[in-house]
Amino acid sequence: MVSSTALILSLATEAPPGLLPARNQMAISLGWHIILACFGVAFPSMIYVVHRRGIVRDDPVALGLAKRWAKVSAVLFAIGAVSGTVLSFEMGLLWPGLMGPFGDVLGLPFAFEGLSFFVEAIFLGIYLYGWGRMPPRRHLAMLIPMACAGVVGTFCVIAVNAWMNNPTGFRIVDGEVTDVDPWRAMFNDGVWLQFAHMWVGAFMLVGFVVAGVYAAGMLRGRRDAHHRLGFTVPFVFATVAAIAQPFIGHLLGLRLATSQPSKLAAFELAVETESPSPLRIGGLLIDGHVRFAIDIPVLGSVISRNSFTKPVQGLETIPDANEPPINLTHLAFQSMVGLGTLLALAVVIFWLARWRRHDLLDHRWFLWFAVAAGPLAVVALECGWIATEVGRQPWTVWRVLRTSAAASSSDGLWWSLAGVVVVYLGMTVGAYVVLRSMARRWRDGEEDLPSPYGPELAESARVPEAGAPSRAGGPPA
């Protein structure tokens, strides 16, 4: 347990000069990197499904999809390696007040995350270069450790964040961190539900984004087997994730009443403790009063507390110095919930229509929605992280270390922020140019793209995949 003397680490009289640039830099870095991390978690599983279908059903279209998606995955992995490296340096550079005292507590998950990254990189390389060089099923099996490594790495990063919300595995004696139990810190009380929320969210994001690419192709008249399969596989993953996510989020939210009541109060815009509490949709807190909100009686207690009578603790019980930015937290949370609900309803409608033998892919309005669903899923994920991180403020480590005490005191971080903006803007442009170039060349019939995907083999040296022609057919999205 964390003793009350832990509050010694929280005594910061004023914000250091590095606090604002540190926050902005971390927000940009994490907000950008998290999208790539989702592809590392979910994309290998989708590639596995289409690759296995290609082998088992002797389907050249599925094999062609697997080969193309693998090359896209390689590009995203390379860019993610850069952004992840930037983040690893930022933890110490921006937050010395966190990494200094608590480095021993957090070292274990960071070490495992690094090992997972190397394992994923190794098997991604083997898989990429294995086309035509390995027996089909052994080649397919290379995706399994690649997918597992992505999941383990993500768990380790989420474990650190969950620990910030549920600090344990140490004691503080006379202002010094002691009796460190890194395993207890890594497997803290909140890690499993928070990881499940992120893991499912990754499949939801990647599923909708990839399906949207092929929906855009169908809007341009490319309604062949390649595009229908390219839409259906990720859309199935997105469907399962979109339906499961509200239940996981509900279970995760039930913990907040006891673990982080100020965050729950901001989520619900609960200015006063009410029993039962209403569900407050929309609204802003202006001069201490809620404006522009729609209240649904009792439903707030039902959703937040699984009760018809239990109240949501109001902000009047939280000291002003310990309140999070209320409006930002509330709007981010409700945007996440609203977009997630919209996407869940959309997939249910799609499959109910198909069950009744109505294919919504024949309707342009649905294809436009499918294209928009990818960006909407990205926004929902980003809003979820904003709600989680901003809602924990003013604490970096809940009730142990204030963010003002964790941040660097250097006023030179503005230059670091500018450099990160330039680097990430360059990576964004570079990724767009490379992926667009690959798509254009695939549409022109170039299947075996040159370096960095390995040297060309002589035809006599090729070992074809089962059922796969030397050049997989079907136009790309």
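A crossing is left-handed if the near helix is turned anticlockwise from the far one by less than a right angle, and right-handed if clockwise. Helices (H or I, at least four residues) and strands (E, at least two) are DSSP runs, numbered from the N terminus.

The views show a predicted model, where local features need pLDDT of at least 70, side-chain atom pairs count only at pLDDT 80 or more, and totals for chains, interfaces and linings use all residues. Residues are numbered from 1 along each chain as its sequence is written, and side-chain values use heavy atoms, leaving out hydrogens and water.

**View A. Helix H1 meets helix H13.**
H1 covers residues 19–56 and H13 covers residues 364–391. Their axes (lines fitted to C-alpha atoms, for helices over the stretch in contact, with angles from 0 to 180 degrees between N-to-C directions) sit 11 Å apart, and the packing angle is about 125°. That angle is why H1 counts as oblique to H13; under 35 degrees would be roughly parallel, over 145 roughly antiparallel, 65 to 115 roughly perpendicular, and the rest is oblique. As for handedness, H1 goes past H13 in a right-handed crossing. Look for Gly 31, Ile 34, Ile 35 and Cys 38 on the H1 side. Across from them, H13 brings Val 378, Leu 381, Glu 382 and Trp 385 to the meeting; contact here means heavy atoms within 4.5 Å.

**View B. Helix H7 runs alongside helix H8.**
Here H7 (residues 191–219) and H8 (residues 225–254) have axes that come within 7 Å. They cross at roughly 150°, so H7 ends up roughly antiparallel to H8. The crossing of this pair is left-handed.

**View C. Helix H2 passes over H8.**
H8 turns up again, this time with H2, residues 60–94. The axes of H2 and H8 come within 10 Å, with a crossing of roughly 65°. H2 makes a right-handed crossing as it passes H8. From H2, the residues making the contact are Val 61, Ala 62, Leu 65, Arg 68 and Trp 69. H8 answers with Ala 225, His 226, Leu 229, Gly 230 and Pro 234.

**View D. Strands S3 and S4 form an antiparallel hairpin.**
S3 spans residues 279–286, S4 spans residues 289–296, and seven bridges join them in the antiparallel sense. (Two strands pair if DSSP finds at least two bridges between them.) To get your bearings, find Arg 280, whose bridge partner in S4 is Asp 295. Gly 282 likewise has a bridge partner in S4, namely Ala 293. Two residues lie between the strands of this hairpin, and Asp 287 takes a positive phi near 55° there.

**View E. Loop oddities: cis bonds before Pro 276 and Pro 394, and a positive phi at Val 298.**
In general, most residues other than glycine have a negative phi, and most peptide bonds are trans. The bond from Ser 275 to Pro 276 is cis, though, with omega near -5°. Pro 276 sits in the loop between helix H10 (261–268) and S3. Further along the chain, the peptide bond from Gln 393 to Pro 394 is also cis, with omega near 10°. Pro 394 belongs to the loop between H13 and strand S5 (395–397). Then there's Val 298, a residue other than glycine with its phi near 70°. You'll find Val 298 in the loop between S4 and helix H11 (299–305).

**View F. Where the predictor is confident, and where the pLDDT drops.**
The average pLDDT (the predictor's confidence in each residue, from 0 to 100) is 88 for the chain, and 91% of the residues score at least 70. Residues 1–8 are another matter, with pLDDT below 50. Beyond near neighbours in sequence, residues 1–8 have 13 contacts in the model. Residues 451–464 also fall below 50, and that stretch has 18 contacts beyond near neighbours in sequence.
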